[in-house]
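Please find below my notes on this model, set out as numbered points. They are meant to be read slowly, with the structure open beside them.

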Amino acid sequence: MTDTRTIRIEALRFNPETDSEPRLQRYEVPFTPDMSVLQGLQYIKDHLDGSLTFRWSCRMAVCGSCGMMINGRPHLSCETFLRDLYPGPVRVEPLDHFPVQRDLAIDQAGFLDKLAAIKPYIVSAKERPLSEGPSRQTPAQLDAYYQYSQCINCLLCYAACPQFGLNPDFIGPAALSLLHRYNLDSRDIGWSVRADAANADVGVWECTVVGYCSEVCPKGVDPMHAVNENKVNSALDYLGVKRLLGGR
Ligand code: FES
């Protein structure tokens with residue numbers, strides 16, 4: 001016999017083109033123990049209200065598109081289960097600190113610009129022909145950057161960051177983690193191509209070391225550690241000793 005219960009989901013509704021204020025809309029959603037909050041929202045969309053807007057893709061904590069505030073805390077809705085929130089209600093809202101496009105969908109354009117600014121790809125000292133085969137790394141070289149490579153750009157860390165809430169120009173935790181990921185990669189020429197982004201007024205020194213970003217990351221990335229390491233790099237760069245110490 002299927003264990004079906006009902007839980008109330010309160011979703012924030014807002015269309016900036018037509019609404020002057022956001023409002024909460026309540027839905028009674030039947031659920032089974034295996035249903036995530038995302039599946040609850042999909043039930044609403046399929047059976048109760050097709051106008052509710054939210055993003056998702058993979059449904060398995062990989063693509064990073066289903067982030068939202070759930071009961072006031074940033075979560076991936078596909079890996080947050082209704083059974084754990086019973087008896088509810090469950091309040092879902094768009095990620096804090098971002099402009100709302102519609103309902104639970106935020107405008108990600110500002111983040112994408114920041115991501116482009118840190119050059120999120122390997123910059124090699126010289127072009128390497130394909131005929132040379134794969135560029136090999138030792139396990140230690142992989143370990144140096146591995147945790148930062150797990151970032152899925154879900155933006156939960158930005159919703160958790162009070163400094164980003166105060167200054168939307170702050171380059172922020174995920175972009176700075178990815179900056180560190182590529183700088184630490186032995187195949188990349190590192191600091192020399194990303195120093196301007198790290199040193200900028202809205203770079204690493206804007207961080208006030210609250211650390212909530214690292215707490216909410218669903219993939220175990222530690223953005224605060226990345227930022228702290230780059231504060232050291234930035235200080236050494238300012239003093240002109242980074243290169244003397246072998247920093248790339
Ligand atoms: S749907 Fe892809 S991370 Fe949740």
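1. In this predicted model, a useful place to begin is the salt bridge that Arg8 forms with Glu28, in which the closest N and O atoms are 2.7 Å apart. Arg8 belongs to strand β1 (residues 5-13) and Glu28 to strand β2 (residues 23-31), so this pair ties together parts that are 20 residues apart in sequence. As general background, side chains of opposite charge can pair when their charged atoms come close. The structure as a whole holds ten salt bridges.

2. The next matter is the division of the protein, which consists of domain 1 (5-106) and domain 2 (109-239). The C-alpha centres of domain 1 and domain 2 are 29 Å apart, and 17 residues of domain 1 are in contact with 17 residues of domain 2.

3. How much area do domain 1 and domain 2 bury between them? The value is about 1,200 Å², and 65% of it lies on carbon and sulfur atoms. Within the area that domain 1 buries against domain 2, Pro74, His97 and Phe98 supply 43%, which is more than any other three residues. The reader may like to know that the size of an interface is often given as the accessible area lost when the parts come together.

4. How many salt bridges cross the interface of domain 1 and domain 2? The rule finds zero there, although the structure holds ten salt bridges in total. Polar contacts are nevertheless present, since the count between domain 1 and domain 2 is four residue pairs, with both residues of each pair at pLDDT 80 or more.

5. Which elements give two or more residues to the side of domain 1 that touches domain 2? They are β3 (67-70) and β4 (73-76), and the largest share, four residues, comes from β4. By residue type, this side of domain 1 divides into ten nonpolar, four polar and three charged residues.

6. A last point concerns the cysteines, for the structure holds zero disulfides. Cys151 is in no disulfide, and its nearest cysteine sulfur, that of Cys157, is 6.3 Å away. Cys154 is likewise in no disulfide, with the sulfur of Cys217 as the nearest cysteine sulfur at 6.1 Å. For a pair to count as a disulfide, the two sulfur atoms must lie within 2.5 Å, so neither of these distances meets the cut-off.

Conventions
Residues numbered from 1 in each chain as written. Predicted model: local features only at pLDDT ≥ 70, side-chain atom pairs only at ≥ 80, totals over all residues. Heavy atoms only, no water. Domains from an automatic or database assignment. Contact = heavy atoms within 4.5 Å. Buried area = accessible area lost by both parts, 1.4 Å probe. Salt bridge = Lys/Arg side-chain N within 4 Å of Asp/Glu carboxyl O. Polar contact = N/O pair within 3.5 Å; in protein donor to acceptor, adjacent residues only side chain to side chain. Nonpolar A, V, L, I, M, F, W, Y, C, P; charged D, E, K, R; others polar.
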